[in-house]
2 protein chains.
Amino acid sequence: MLLRNVLLLFLCLAAAAPSRADDGYRLWLKYDRVANTAERQQVARAAQFVASPGSTPVLRAASAELQRGLSGLLGQAVPVVATAGSRTGGIVLRVDASASPALKAEGYRIFPEKNNLVITGRTDRAVLYGAFALLRQVQTGQPLAGLSLSSSPRINFRLLNHWDNPNGTVERGYAGSSIWKWYELPERLDPRYTDYARANASIGINGVVVNNVNASARYLSAEYIGKVAALAGVLRPYGQRVYLSVFWAAPKVLGGLATADPLDPAVKQWWAAKSDEIYKAIPDFGGFLVKANSEGEPGPQDYNRTHADGANMLAQALGHHDGVVMWRAFVYQAGSKDRFKQAYEEFQPLDGKFDPKVLVQVKNGPIDFMAREPFHPLFGAMPRTPLVLEVQLTQEYLGFATHLVYLGPLIKEVLEADTYAKGPGSTVARVVDGSVDNHALSAIAGVANIGSDRNWTGHPVGQANWYAFGRLAWDHELDPAAIAREWTRMTLTTEPAAVRTITDLLGQSRSIYVRYTMPLGLHHIMGESIHYGPQPWLAKSGRPDWTAVYYHKADSIGLGFDRTATGSNALALYKPEVQKEWGNAQTCPLNYLLWFHHVPWTQKLSTGRTLWNELATRYYTGADSVLWLQKQWLAARPALDPALYADVAARLQTQRKEALWWRDACVLYFQSIAKQPIPAPFAPPTRSLADIKQLVQLYQLK
Amino acid sequence: MLLRNVLLLFLCLAAAAPSRADDGYRLWLKYDRVANTAERQQVARAAQFVASPGSTPVLRAASAELQRGLSGLLGQAVPVVATAGSRTGGIVLRVDASASPALKAEGYRIFPEKNNLVITGRTDRAVLYGAFALLRQVQTGQPLAGLSLSSSPRINFRLLNHWDNPNGTVERGYAGSSIWKWYELPERLDPRYTDYARANASIGINGVVVNNVNASARYLSAEYIGKVAALAGVLRPYGQRVYLSVFWAAPKVLGGLATADPLDPAVKQWWAAKSDEIYKAIPDFGGFLVKANSEGEPGPQDYNRTHADGANMLAQALGHHDGVVMWRAFVYQAGSKDRFKQAYEEFQPLDGKFDPKVLVQVKNGPIDFMAREPFHPLFGAMPRTPLVLEVQLTQEYLGFATHLVYLGPLIKEVLEADTYAKGPGSTVARVVDGSVDNHALSAIAGVANIGSDRNWTGHPVGQANWYAFGRLAWDHELDPAAIAREWTRMTLTTEPAAVRTITDLLGQSRSIYVRYTMPLGLHHIMGESIHYGPQPWLAKSGRPDWTAVYYHKADSIGLGFDRTATGSNALALYKPEVQKEWGNAQTCPLNYLLWFHHVPWTQKLSTGRTLWNELATRYYTGADSVLWLQKQWLAARPALDPALYADVAARLQTQRKEALWWRDACVLYFQSIAKQPIPAPFAPPTRSLADIKQLVQLYQLK
């Protein structure tokens with residue numbers, strides 16, 4: 001009778017829901033019941049209640065999350081109480097302003113006390129992070145009993161940059177439309193905002209730039225400030241501040257001024273008043289992000305002022321308010337000989353000229369979010385300016401939402417890159433976290449891959465990139481493989497063999513993508529404008545530096561961009577140690593070879609193959625490695641939710657198809673110049689270059 | 001013990017799900033358990049099993065839906081068996097080619113037989129529609145026992161037009177991005193496609209134009225035909241054919257031809273070959289929808305050919321394939337004196353010149369989907385051409401996703417409008433269904449309001465417009481209030497008082513919207529380009545007929561567009577009976593007054609008020625009627641899902657705010673011309689015209 005009723009109940013619930021498949025909405029905060037009974041009971045003994053003073057919205061968010069998470073993981077309700085009193089076997093939240101001085105304001109500590117587990121820190125936000133850390137502990141199958149750990153973020157501002165437009169589109173977004181519903185704000189708060197804030201908090205993200213760097217002036221209007229304030233109200237209990245990208249010409253467009261000259265008193269006054277207006281609505285507003293004099297956006301150079309003039313004016317406009325200006329260094333004038341050098345040439349001379357509230361935001365590499373770039377030469381070259389590292393999570397150049405590319409290794413690669421700015425060990429990570437040059441301000445920004453798709457990121461594995469960014473932003477010492485393992489366990493499966501298989505797959509995925517698209521240091525040979533598919537033959541565009549031939553420089557002799565002293569000499573922007581590593585075509589790591597050298601087709605590389613043969617080999621083996629990804633995914637199938645399995649399996653099929661486009665496009669195109677045969681054992685493509693051009697150019701049609 | 005375990009189970013399920021709130025995804029196919037035990041048991045007795053031969057995919061879809069629906073409604077599993085055998089008390093699906101000749105191919109009949117209920121029809125699609133009709137019966141609380149009903153669609157092709165672009169945006173879409181994931185197709189089939197197909201099938205929609213009428217040539221490439229074929233495979237078991245919007249210049253862009261002249265042999269051959277290619281991939285392909293020589297799109301007039309030349313060429317290209325061409329009459333050249341007349345002037349003379357496979361698709365009104373338009377003068381004026389009625393479900397001119405506007409009454413109003421083409425009773429409905437002029441082909445198209453938002457339509461009540469369109473397309477004799485009641489019961493609540501309250505609210509909502517935006521026949525005074533908010537002062541645009549002043553013609557004397565013989569004489573395009581109704585400013589229904597007459601501000605209307613006073617009264621009472629909508633919604637609250645209640649309540653707040661924008665903008669602007677005081681008892685707006693202009697124009701910023 002009991003069984004029958006329970007079954008009936010199940011049937012009822014099952015029938016009412018459209019599908020019980022895992023649709024990915026819950027991200028890594030799944031909180032499904034721990035399957036192993038002994039493990040579950042062990043956790044249950046240590047988590048019989050949550051005691052929280054609940055004295056702030058942040059603390060209430062922390063205890064609510066613990067309750068939700070633990071109740072799900074344990075399959076039984078876990079109560080929240082105000083104080084533990086004499087009870088033991090529970091979790092106690094405690095803000096302690098006098099907690100260990102080793103803890104930063106956001107750093108948490110978890111430790112056992114009288115048979116309870118205490119989560120503490122100097123601020124409520126620290127406790128919130130500790131709560132998520134405790135949940136992660138359970139989600140990844142680690143015991144709670146006697147748990148003792150402590151962690152502080154290495155970087156102050158850990159931001160997502162949303163390139164979201166007022167009309168709901170997302171520039172370079174591949175996961176539906178914007179999650180922000182501007183026309184509904186401020187009256188309606190989509191429940192999704194809260195789940196977004198929870199996800200960010202769980203990985204330590206503490207700031208959100210809500211709008212596109214190609215900014216609309218709308219956001220600075222009273223009307224939109226009200227909307228942004230409503231969002232800020234949702235994000236605040238989860239420890240996140242909102243920031244705005246600003247349209248430089250806003251004083252003209254919104255304020256009716258005749259100029260946006262940063263040295264004009266009326267302009268200064270307009271921005272100062274605007275800052276006051278914003279802070280009145282959003283007391284913890286984070287500050288401004290600016291893309292100026294870049295790709296057609298207006299900026300201070302329109303008035304013969306420098307980037308520093310512009311940034312400093314904005315910083316001063318912030319006045320006494322606790323905010324910062326993040327000024328992007330992504331600039332390149334048309335007509336230059338080597339775009340690689342331009343941001344450096346414009347910004348490096350400004351070092352020391354910025355207001356203390358200004359940070360300069362630098363992309364990880366000198367061009368634009370290629371699947372692999374050498375680190376940006378500005379890192380280590382502006383010791384008097386705090387630099388924000390900007391990485392891209394959305395897969396603009398990485399196959400959109402159908403290519404599986406785990407970015408942990410990419411982000412880690414740049415963090416670990418040694419600038420030698422103050423001798424060996426002056427890694428990009430240590431430049432960015434302020435330790436190389438003793439900056440108090442530090443920041444890192446990820447261009448979000450988040451959209452309105454049910455699973456947030458389009459490709460389910462895109463979630464891992466959001467996750468890995470947050471984890472590395474908090475602690476750049478973490479191992480991307482360990483992060484992948486963590487994410488897999490929390491998100492996909494706890495079955496040990498499957499976790500290994502998937503972690504392996506994730507770990508290899510970015511190298512595989514590089515191999516079938518732009519191996520050996522090739523860059524910027526993707527489809528025009530939309531940045532989809534291969535187009536190495538692209539020779540004409542709105543600007544020469546938007547073509548492919550500008551970058552690969554294939555000719556009858558060889559391939560690659562000579563950036564040594566015989567070429568553009570961009571290499572000279574780096575410290576001598578770096579120049580030494582990359583400057584010699586014989587010893588330059590193959591991953592960077594064509595970034596810096598024009599190499600003859602027939603030159604023997606360290607692999608023993610000629611450049612041409614190595615190039616062809618990488619395209620063929622790269623495309624075939626997608627078969628390996630498919631095999632790995634298939635191997636994990638029994639441990640995976642069927643809907644989720646099918647989703648990724650189908651995307652891998654597309655990835656395989658498009659990897660073959662890349663291979664055939666690039667091999668055939670470069671062969672037409674190199675005049676070399678496809679090396680054994682590879683069979684020449686069965687289609688012609690004309691065929692593949694036609695196929696790829698289809699995607700260029702409006 | 002039993003109770004405790006069941007509660008535990010509940011807790012477990014509740015904790016695992018992010019939220020149990022109704023997120024609207026299930027639309028009107030909710031299938032929640034019937035709350036009334038007696039009612040449920042009565043249904044259960046009549047629905048103990050579903051017997052289906054399952055011999056076609058459509059029949060399998062029908063039985064699967066019955067199983068899913070009945071299992072949910074009854075809270076217990078309902079088995080599907082191949083044949084009833086000697087069993088009784090079940091539902092039997094039966095395709096019967098010799099069924100009643102009164103049934104059209106898609107018409108179904110449900111009748112009792114030997115204690116079973118038989119759902120039959122001449123085709124499996126008919127049985128599918130019957131299955132949904134039976135479920136609707138249960139969902140709306142009507143008994144199954146002895147059920148006997150039969151229904152055939154009055155119009156052959158009942159289509160949704162998706163204005164969806166290859167990049168995932170939706171032109172005039174306010175519900176997220178496109179539900180079609182072109183980059184994932186054909187490999188990945190989003191499970192959502194199936195739920196979309198189920199929803200369409202449930203209301204009788206049998207065709208889907210998947211792409212925007214401002215069409216990309218991409219869709220005609222082999223690559224995209226493969227993607228569309230994959231979608232067709234999902235839609236087919238639900239009785240829906242796919243259609244494509246075509247880019248007229250495709251033979252040039254894709255085929256490399258020098259021309260797209262419809263009389264050029266190479267062009268004809270290209271289209272014929274393309275048709276063959278499409279039908280090879282999609283044997284039941286529906287045909288082409290064409291927007292040509294309209295708003296900058298290419299077309300046959302580029303080669304001095306007529307619309308008929310173009311349409312007929314495409315029809316011939318379809319050859320022996322079972323498809324049609326729907327050629328849109330939405331054309332208007334720049335510089336005309338009255339846009340109202342242009343489609344008529346271009347198309348009416350072509351009547352009789354179209355190939356039998358061509359239908360001409362005409363918007364409901366002569367301008368462009370205003371909240372109220374007189375019916376399009378082409379209806380009844382092209383007796384030798386089957387006309388498709390095109391209505392807009394997406395709220396381009398109806399406040400996007402924050403205004404609650406139920407469109408049943410709008411659609412019904414145009415269907416019921418009498419053209420007098422063949423004497424009284426020659427309604428638009430009867431022109432469109434072919435009965436006035438004895439056409440075998442008949443079609444109706446709704447521009448979809450569907451997007452990737454979880455609830456499909458942005459505003460939850462937008463679902464009612466999708467629903468009402470399908471129901472009226474099937475049977476234009478239905479009462480929109482009855483449809484609203486049906487939808488409310490299936491979607492929101494079964495509580496009788498709440499159903500009445502909401503049905504009333506839905507029924508009034510469109511009139512209220514008209515009242516606070518464009519009362520008395522005002523039209524096209526909304527915000528430029530984005531069509532959001534009021535902008536009656538708009539006097540300059542890319543074209544004069546994109547301004548507001550072109551349409552309202554406010555001057556010191558009065559307001560409105562004189563379309564009588566003393567003006568543009570557009571009224572002469574209608575039959576004398578219609579002219580008589582609308583031609584006299586004294587007797588013209590007030591809803592159409594300013595569509596046809598320039599009326600002095602001080603002229604007394606039938607209401608006893610002057611035009612100015614009536615106008616102001618409508619703006620004030622219209623905006624205040626939103627308070628009534630809010631009151632109604634609040635009254636229904638106890639019967640509604642809390643999340644859904646809150647969602648609509650918040651949108652109503654926005655609607656109230658924006659209704660006040662409209663009121664203040666229009667009253668202040670027209671007052672500046674009319675020089676009349678705001679009539680008692682209304683208080684003048686507290687803001688100035690300049691204030692409101694600034695607010696509204698903010699939304700014009702990029």
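Trainee: Which domains does the assignment give for chain A?
Mentor: Keep in mind that we're looking at a predicted model. The assignment for chain A puts domain 3 in two pieces, 514-561 + 598-700. Ahead of that come domain 1 (22-150) and domain 2 (157-491), so the full list, by that automatic or database assignment, is domain 1, domain 2 and domain 3.

Trainee: How many residues does domain 2 of chain A put into its contact with domain 3 of chain A, and how many of them are nonpolar?
Mentor: The centres of these two domains of chain A, taken over C-alpha atoms, are 31 Å apart. Each of the two gives 19 residues to the contact. On the side of domain 2 of chain A, five are polar and four are charged, and the nonpolar ones number 10.

Trainee: Which strands make up the closed barrel in chain A?
Mentor: The barrel has eight strands, with parallel pairing. From one strand to the next, the twist averages 25°. In order, the strands of chain A are β7-β8-β9-β10-β11-β12-β13-β14.

Trainee: What stands opposite Val391(A) in β14(A)?
Mentor: Start with the strands: β13 (residues 387-392) and β14 (residues 443-447) of chain A pair in the parallel sense, over five bridges. Facing Val391(A) from β14(A) is Gly446(A).

Trainee: Which strands does helix α9 of chain A touch?
Mentor: Helix α9 (residues 307-318) of chain A packs on the sheet, and its direction makes about 160° with that of β11(A). The strands of chain A it touches are β10 (287-290), β11 (324-328) and β12 (358-363).

Trainee: Are α3(A) and α4(A) roughly parallel or roughly antiparallel?
Mentor: The axes of α3 (residues 57-74) and α4 (residues 124-139) of chain A come within 8 Å and cross at roughly 10°. Among the residues that meet are Leu59(A) and Leu66(A) from α3(A), with Leu128(A) and Phe132(A) from α4(A). The contact divides into 12 nonpolar, one polar and three charged residues. Angles under 35 degrees get the parallel label, so the two helices are roughly parallel.

Trainee: Over in chain B, why is α8(B) called oblique to α9(B), and what is the hand of their crossing?
Mentor: Helices α8 (residues 265-281) and α9 (residues 307-318) of chain B have axes 8 Å apart and pack at an angle of about 45°. That angle is what makes α8(B) oblique to α9(B). Their contact includes Trp271(B) in α8(B) and Met313(B) in α9(B). As for the hand, the crossing is right-handed.

Methods
Residues numbered from 1 in each chain as written. Chains lettered and ligands numbered in written order. Predicted model: local features only at pLDDT ≥ 70, side-chain atom pairs only at ≥ 80, totals over all residues. Axes fitted to C-alpha atoms, helices over the stretch in contact; angles between N-to-C directions. Helix = DSSP H or I, 4+ residues; strand = E, 2+ residues; numbered from the N terminus. Parallel < 35°, antiparallel > 145°, perpendicular 65-115°, else oblique. Contact = placed C-beta atoms within 7 Å. Nonpolar A, V, L, I, M, F, W, Y, C, P; charged D, E, K, R; others polar. Left-handed = near helix turned anticlockwise from the far one by under 90°. Pairing = 2+ DSSP bridges.
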